[in-house]
Amino acid sequence: MAYNSKRGKGVSSHLLERAIHHLSALREFVDGSGMSELVAKLYTSSRNEHKRFPRNGEQHCQLIRSWLGRNQEGILSLAEHYQKKAVFDGLLPVPVSVGINSGEGTAIRDRRDRYLVEEEQSLGRLFVGYFNKKMAVLVLLIQVQRQKPEANVVSNMCGFLEDLCLHRLADPKWRRYRRVLLWLQRFIRKLPDVTASQRGRALDFVKALYDVFGIHLKSRVKGAQT
């Protein structure tokens, strides 16, 4: 899983099921209360993550990277216990986005600065709430077929997409999504004079943005590819 996410590849549900199976078996043989607790925590976290996978499908590498980030201390401790830590050289630790997708996530790695984690996670939750509200408006705009949106709504939404473009996607690894954001801005300005296929494509782009920011999309959004 770490190898795939490092290379930008998704992870199949079958691969995570194998990890869950091994952790389940390991719980029966591990010695020491501390190690037993660590294995149990990894097992529970793996089970919870598996519930988020598309059925018999593949999960986006960003979401897997987020999960690895939240659990990397436990993974590396377990690897060190079995003298396998070298296996993860260059794979872990991974950078973790602030508060994305779970209250457990943190970008703070120095234990001396862990007092900042609560503040960091609070800011992360604020961003997730802000992102979800803006994306909900975007989905509504995409789905309304006859009414032309008000100019201030269009301007506000384009400003939101521009902010994502200028700030969050400044890193080279995000730049391929710049065209997605620019396409969505042009799409919004053309509403309602767009085709059904363009609406479907716009919804596909919405799902892609949720994936790249590592935020779970709770509702089902049907795009051109579904």
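Trainee: In this predicted model, is Tyr-130 buried, partly exposed or exposed?
Mentor: Start from its relative accessible area, which is 35%. Buried means under 20%, and exposed means over 50%. The value for Tyr-130 falls in between, so the residue counts as partly exposed.

Trainee: And Phe-160: buried or exposed?
Mentor: Apply the cut-off again: under 20% is buried. Phe-160 has 2% relative accessibility, so it counts as buried.

Trainee: How many aromatic pairs does the count come to?
Mentor: Ring centres must lie within 6.5 Å to pair. By this rule, the count of aromatic pairs is five.

Trainee: What kind of aromatic pair do Tyr-130 and Phe-160 form?
Mentor: Their ring centres are 5.6 Å apart. The planes meet at 75 degrees. An angle over 60 degrees sets the class, so this pair is edge-to-face.

Trainee: Which helices does that pair link?
Mentor: The two residues are 30 apart, so to speak of distant parts of the chain is fair. Tyr-130 is in one helix and Phe-160 in another. In that order, the helices are α5 and α6.

Trainee: What is the angle between the planes of Trp-183 and Phe-205?
Mentor: These two rings form an aromatic pair, 5.1 Å centre to centre. The pair is edge-to-face. The angle between the planes is 80 degrees.

Trainee: How many residues apart in sequence are the parts that this pair ties together?
Mentor: Trp-183 lies in helix α7, and Phe-205 lies in helix α8. The pair therefore ties together parts whose separation in sequence is 22 residues.

Trainee: Are Trp-183 and Phe-205 buried or exposed?
Mentor: Trp-183 has 15% relative accessibility, so it counts as buried. Phe-205 has a relative accessible area of 16%. That value also puts Phe-205 among residues called buried.

Trainee: Which residues do ring pairs link into a cluster?
Mentor: Tyr-130 and Phe-160 already form a pair. Ring pairs bring further residues into a cluster with them. The members are Tyr-130, Phe-131, Phe-160 and Tyr-210.

Trainee: Which residues is Phe-131 in contact with, leaving aside neighbours within four places in sequence?
Mentor: Two of the contacts, Phe-160 and Tyr-210, are also in the ring cluster with Phe-131. The contacts are Phe-160, Leu-164, Leu-209, Tyr-210, Phe-213 and Ile-215.

Trainee: Which residues touch the most other members of the largest nonpolar core?
Mentor: In soluble globular proteins, nonpolar side chains tend to be buried together. Here the largest such core has 32 residues. Those touching the most other members are Phe-131, Met-135, Leu-138, Leu-184, Phe-187 and Ile-188.

Trainee: Which elements give two or more residues to this core?
Mentor: Look at the helices spanning 117–143, 151–168, 178–190 and 196–212. In that order, they are α5, α6, α7 and α8.

Trainee: How many residues are in the second, separate core?
Mentor: That core includes Val-30, Tyr-43, Ile-64 and Ile-75. Its residue count is 22.

Trainee: Which residue lies over the face of Tyr-43?
Mentor: Tyr-43 is part of the second core. At 3.9 Å from its ring centre lies Arg-27.

Trainee: How far is the charged end of Arg-7 from the ring centre of Tyr-3?
Mentor: The charged end sits over that ring. Its distance from the centre is 3.6 Å.

Trainee: Where does α4 bend?
Mentor: This helix covers residues 61–81. Of its 21 residues, 17 are buried, so α4 is largely enclosed by the rest of the structure. It bends by about 65 degrees at Asn-71.

Trainee: What is the phi of Gln-83?
Mentor: Most residues other than glycine have a negative phi. Gln-83 lies in the loop between α4 and α5. At 73% relative accessibility, it counts as exposed. Its phi is positive, near 55 degrees.

Trainee: Which residues does a cis peptide bond join?
Mentor: Most peptide bonds are trans. In this bond, omega is about 0 degrees. One partner lies in the loop between α7 and α8. The bond joins Leu-191 and Pro-192.

Trainee: What pattern does the protein chain follow along the sequence?
Mentor: The chain has eight helices and two strands. Read along the sequence, the pattern is α-β-α-α-β-α-α-α-α-α.

Notes
Residues are numbered from 1 along each chain as its sequence is written. This is a predicted model: local features need pLDDT of at least 70, side-chain atom pairs count only at pLDDT 80 or more; totals for chains, interfaces and linings use all residues. Side-chain values use heavy atoms; hydrogens and water are left out. A nonpolar core is a set of buried Ala, Val, Leu, Ile, Met, Phe, Trp, Tyr and Cys residues joined through side-chain atoms within 4.5 Å. Buried means under 20% relative accessible area, exposed over 50%, partly exposed in between (1.4 Å probe, protein chains only). Helices (H or I, at least four residues) and strands (E, at least two) are DSSP runs, numbered from the N terminus. Contact means heavy atoms within 4.5 Å. The bend at a residue is the angle between axes fitted to the seven residues ending there and the seven starting there. Rings of Phe, Tyr and Trp (its six-membered ring) pair if their centres lie within 6.5 Å; planes under 30 degrees apart count as stacked, over 60 as edge-to-face and the rest as tilted. A charge sits over a ring if NZ of Lys or CZ of Arg is within 6 Å of the ring centre and within 35 degrees of the ring normal.
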